[in-house]
Number of protein chains: 2
Amino acid sequence: MQIFNNPQELQQYVLSQKRKGQLFSLVPTMGFLHKGHISLMHQAKVYANNVIVSIFVNPTQFAPNEDLDKYPRDFEGDEKKCKDAGVDIIFYPSNESIYPADYQTFVNVEKVSQNLCGASRPHHFQGVTTVVAKLFNICLPDYAFFGEKDFQQLTVIKRMTKDLNFPIEIIPVPTFREDDGLAMSSRNKYLKGKEREDALVLYKSIKRVSELFSRGERNVSLLLSEAQKIISSTPLAYIDYIKIVDIETMNDVDFITKDSLFALAVKIGSTRLIDNCKLLLTKGEKDV
Amino acid sequence: MQIFNNPQELQQYVLSQKRKGQLFSLVPTMGFLHKGHISLMHQAKVYANNVIVSIFVNPTQFAPNEDLDKYPRDFEGDEKKCKDAGVDIIFYPSNESIYPADYQTFVNVEKVSQNLCGASRPHHFQGVTTVVAKLFNICLPDYAFFGEKDFQQLTVIKRMTKDLNFPIEIIPVPTFREDDGLAMSSRNKYLKGKEREDALVLYKSIKRVSELFSRGERNVSLLLSEAQKIISSTPLAYIDYIKIVDIETMNDVDFITKDSLFALAVKIGSTRLIDNCKLLLTKGEKDV
């Protein structure tokens, strides 16, 4: 396994390999790797012989009041996990090499980034799309892997990739969960004492909404009020948003007549967690 | 010479050639090709065996009040000129294939795009950077060629290429002029009757400013007032801007202490023309 810190050196290396016909997979991460990331790496290896994992806590996707400084980091642990997962290259750049002095170019995806996390975190997706565009150009992958836990992020990146014609296939990977259902996230590390159990309200509300949906419920306010009840039962849980949106446009819907997404962001104490589940119509319903 | 209309087909073709080690040059144009474009094509062939010329009148870089609809077009003439210049591929896409329904991603270069044409044409450079990012990803060139006539555009694109880490070398090509000094531009076609002669005020003011600069004049208001005198002598010439800026940042300067650019935009009747010249300090001056 090779480790690259310098963007230009990695780019030159990948270019030279691609001229020989080699294929590359990219798994962009902010490090502090968990089993969700590992499942992305395993997928990545299925698609291409060369797997690059980038580890970069991207400052432009954090607002000043957010957790950039305390975001958990453990490069040595990450290195070992990558090696064990069969990763070929770690890209671990400095902030200065990604955003040199006088940096001034940003990529914006206008519509699908507005709702959900985009509404709660106004500049978040501009930071995400900008750094992912840069990672795409540095690592020049044929395939790039993103977890469905950050479903809106996946949607925004798919949109950017298509709109800007990046020659890259975006592969979504299902959310990886703890045994009790909590979605894997580096931020789970913040949960202290009872908060870990309280955090299960996200998964419980997902299960409840899924179940009602599969029994035929299509009324969004009814589905959301059921989820809200579950979350309200935990005094320490504060709802940032809880929504059902069109799975393509990320726009709110009142009644589910297209494939949709139930998505929520909930603060457990001071830790903001997100989760989601797809609400896919049956073939019969779609044909109507 | 091959002609591609479909972005995906061209991208797949280039990818397959690059896997065999082939190199590509790109000359992005809006068509109605003149000798300036041809000189870009000749340069392009020096750098790579495969030259792609894109011909696309990009709607997103025109404001509603501008000349998108009447912008001159002549695909058959362009095709012949490309063939004669040894071009390998023309990329001639439809608007719909570049901006499909629900298109929503834009690239912004924030600082160097603010002054000069960016001030006169507020969304112009967002349109330029977005379409050039797309052309870069579709055509995947190793080298891309831009004329110095649009010096700010060249600066904005160099900045985008560096900031977003495109693996592409941007090659500037000197302005190509008519025998009397008028900078080649597809918009020169708009000039009617006496306007063609009036249009020489741009070149005359450049010559005057260059001459004073080379004699040691560094005071910007003095240099600009000399240029202004020349332009004011022509009743049909209306100054949009006339400026001296830092050649790197594109910011106004009062006194020339760094390499600078004299740039102007002048309307001759209803035709807006731009031109510029570099004001480069002597080595001795720089060392001070």
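Which residues point one way from S2(A), and which the other way? The views below are of a predicted model, in which local features need pLDDT of at least 70, side-chain atom pairs count only at pLDDT 80 or more, and totals for chains, interfaces and linings use all residues. Residues are numbered from 1 along each chain as its sequence is written, and chains are lettered from A and ligands numbered from 1 in the order in which they are written.

**View 1. The two faces of strand S2 (residues 24-29) of chain A.** A:Phe24, A:Leu26 and A:Pro28 point one way from S2(A), and A:Ser25, A:Val27 and A:Thr29 the other way. Six of the six residues are buried, so the strand is largely enclosed by the rest of the structure. A residue is buried if 20 or more other C-beta atoms, placed from the backbone, lie within 10 Å of its own. Strands are DSSP runs (E, at least two residues) and helices likewise (H or I, at least four), numbered from the N terminus.

**View 2. Strand partners of S2(A).** S2(A) runs parallel to strand S3 (residues 50-55) of chain A, with six bridges joining them. Strand S6 (residues 143-147) of chain A also pairs with S2(A) in the parallel sense, over two bridges; pairing requires at least two DSSP bridges. A:Ser25 has A:Val51 as its bridge partner in S3(A) and stands opposite A:Tyr143 in S6(A).

**View 3. Contacts of B:Val53.** B:Val53 touches B:Val27, B:Thr29, B:Met41, B:Cys82, B:Val87 and B:Ile90, not counting residues up to four places away in sequence. Contact denotes C-beta atoms, placed from the backbone, within 7 Å.

Conventions:
A residue is buried if 20 or more other C-beta atoms lie within 10 Å of its own, exposed if 12 or fewer, and partly exposed in between; C-beta atoms are placed from the backbone. Two residues are in contact if their C-beta atoms, placed from the backbone, lie within 7 Å.
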